[in-house]
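This report describes the fold, the packing and selected side-chain contacts of one protein chain. Please consult the sequence and the coordinates alongside the text.

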Amino acid sequence: MKHVKLFEEFVSEALTQEVPNTFYHATYNALLPEIKKKGLDTRKVDLAWEDSKPGVVYLANDLNVAASYAEIAEDVPEEIYDSGIVVLHIPSSGLDLKKLRDDTNVRSGEASDTYEYHGQIPWNKIRKVTDY
């Protein structure tokens, strides 16, 4: 049984930050119908940032931090941006924490409020949507 790692050990290797009770993901009103159908799934969509990776959903531990990324997104068409920003509230208890990692876009040595979730987050895991 030496090869079997405890879940807590695995998570601590993949993540150096605390896991909050709720994660936040900002997006745009125009994208909500598709998210309601397919969940948060970035494998086959246009990404808002040049350094975003397909298949990774970026999460924050603070609503305003999440919204700030949507406010200054680089690669969002104007008609989508102008539809308005919404923030999705996602309880950490509903996620597979083995898929959670530190945000690799944050420079080492800097404190981070953001995370990478490697996988899809189904709509039924989203508990609340807040207009921003």
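The sections below proceed from the overall fold to the cores, the strand pairing and individual contacts.

## Overall fold

The structure is a predicted model. The protein chain contains four helices and six strands, and their order along the sequence is α-β-α-β-α-α-β-β-β-β. Of its 132 residues, 38% count as buried. About 8300 Å² of the protein chain is exposed, and carbon and sulfur atoms supply 50% of that area. Among contacts in the protein chain with a separation of 6 or more, 80% are accounted for by residues 24 or more positions apart.

## Nonpolar cores

In soluble globular proteins, nonpolar side chains tend to be buried together. The largest nonpolar core of this model has 16 residues, of which Leu40, Leu59, Ile90 and Ile121 touch the most other members. At least two residues of this core come from each of α2 (32-38), β2, β3 and β5. Strand β3 gives the largest share, three residues. Apart from this core lies another, of 13 residues, which includes Ala60, Val65, Ala70 and Ile85.

Which residues does Leu40 touch, not counting those up to four places away in sequence? They are His25, Ile35, Val57, Leu88, Ile90, Gly119, Gln120, Ile121 and Ile126.

## Helix α3

Helix α3 spans residues 63-71, and its buried residues include Leu63, Val65, Ala66, Ala67 and Ala70. An α-helix has 3.6 residues a turn, so residues three or four places apart point the same way. The buried residues of α3 pack against several elements: the strands β1, β2 (56-60), β3 (85-91), β5 (114-118) and β6 (128-131), together with the helix α4 (78-81). At the start of α3, the backbone nitrogen of Asn64 has a side-chain oxygen of Asp62 within 2.9 Å.

## Strand β5 and its partners

Strand β5 is mostly covered, with four of its five residues buried. It runs antiparallel to β2, to which five bridges join it; within this pairing, Tyr117 in β5 stands opposite Val57. Strand β4 (residues 100-102) also pairs with β5 in the antiparallel sense, over three bridges. Here Glu116 in β5 has Arg101 standing opposite.

Thr114 has its place in strand β5. Why does Thr114 count as buried? Its relative accessibility is 6%, and the buried class extends to values under 20%. Leaving aside neighbours within four places in sequence, Thr114 is in contact with Gln17, Leu59, Ala60, Val65, Tyr69, Asp103 and Val106. With one of these, Asp103, the side chain of Thr114 also makes a side-chain polar contact of 2.8 Å.

## An exposed threonine in a loop

Thr16 is found in the loop between α1 (7-14) and β1 (22-28). With a relative accessibility of 68%, Thr16 counts as exposed, because that class covers values over 50%. The side chains of Thr16 and Asp102 are joined by a polar contact of 2.7 Å. Although these two residues are 86 residues apart along the chain, their C-alpha atoms are separated by 6.7 Å.

## Aromatic pairs

A pair of aromatic rings is described by the distance of the centres and the angle of the planes. The structure holds two such pairs, listed here.

| Pair | Distance of centres | Angle of planes | Class |
|---|---|---|---|
| Phe23 and Tyr115 | 5.0 Å | 80° | edge-to-face |
| Tyr28 and Tyr81 | 5.9 Å | 45° | tilted |

Why is the pair of Tyr28 and Tyr81 tilted? The planes of these rings stand at 45°, and angles from 30 to 60 degrees fall between the stacked and edge-to-face classes.

The pair of Phe23 and Tyr115 links distant parts of the chain, with Phe23 in strand β1 and Tyr115 in strand β5, 92 residues apart. Both Phe23 and Tyr115 are buried. The other pair ties together parts that are 53 residues apart in sequence, because Tyr28 lies in strand β1 and Tyr81 in helix α4. Tyr28 counts as buried at 5% relative accessibility, whereas Tyr81, at 32%, counts as partly exposed.

Technical notes: Residues are numbered from 1 along each chain as its sequence is written. This is a predicted model: local features need pLDDT of at least 70, side-chain atom pairs count only at pLDDT 80 or more; totals for chains, interfaces and linings use all residues. Side-chain values use heavy atoms; hydrogens and water are left out. Buried means under 20% relative accessible area, exposed over 50%, partly exposed in between (1.4 Å probe, protein chains only). A polar contact is a pair of N or O atoms within 3.5 Å; within protein, one must be able to donate a hydrogen and the other to accept it, and residues adjacent in sequence count only if both atoms are side-chain atoms. Contact means heavy atoms within 4.5 Å. Accessible areas come from the Shrake-Rupley method with a 1.4 Å probe; for residues, only the protein chains shown count as cover. A nonpolar core is a set of buried Ala, Val, Leu, Ile, Met, Phe, Trp, Tyr and Cys residues joined through side-chain atoms within 4.5 Å. Two strands pair if DSSP finds at least two bridges between them. Rings of Phe, Tyr and Trp (its six-membered ring) pair if their centres lie within 6.5 Å; planes under 30 degrees apart count as stacked, over 60 as edge-to-face and the rest as tilted.
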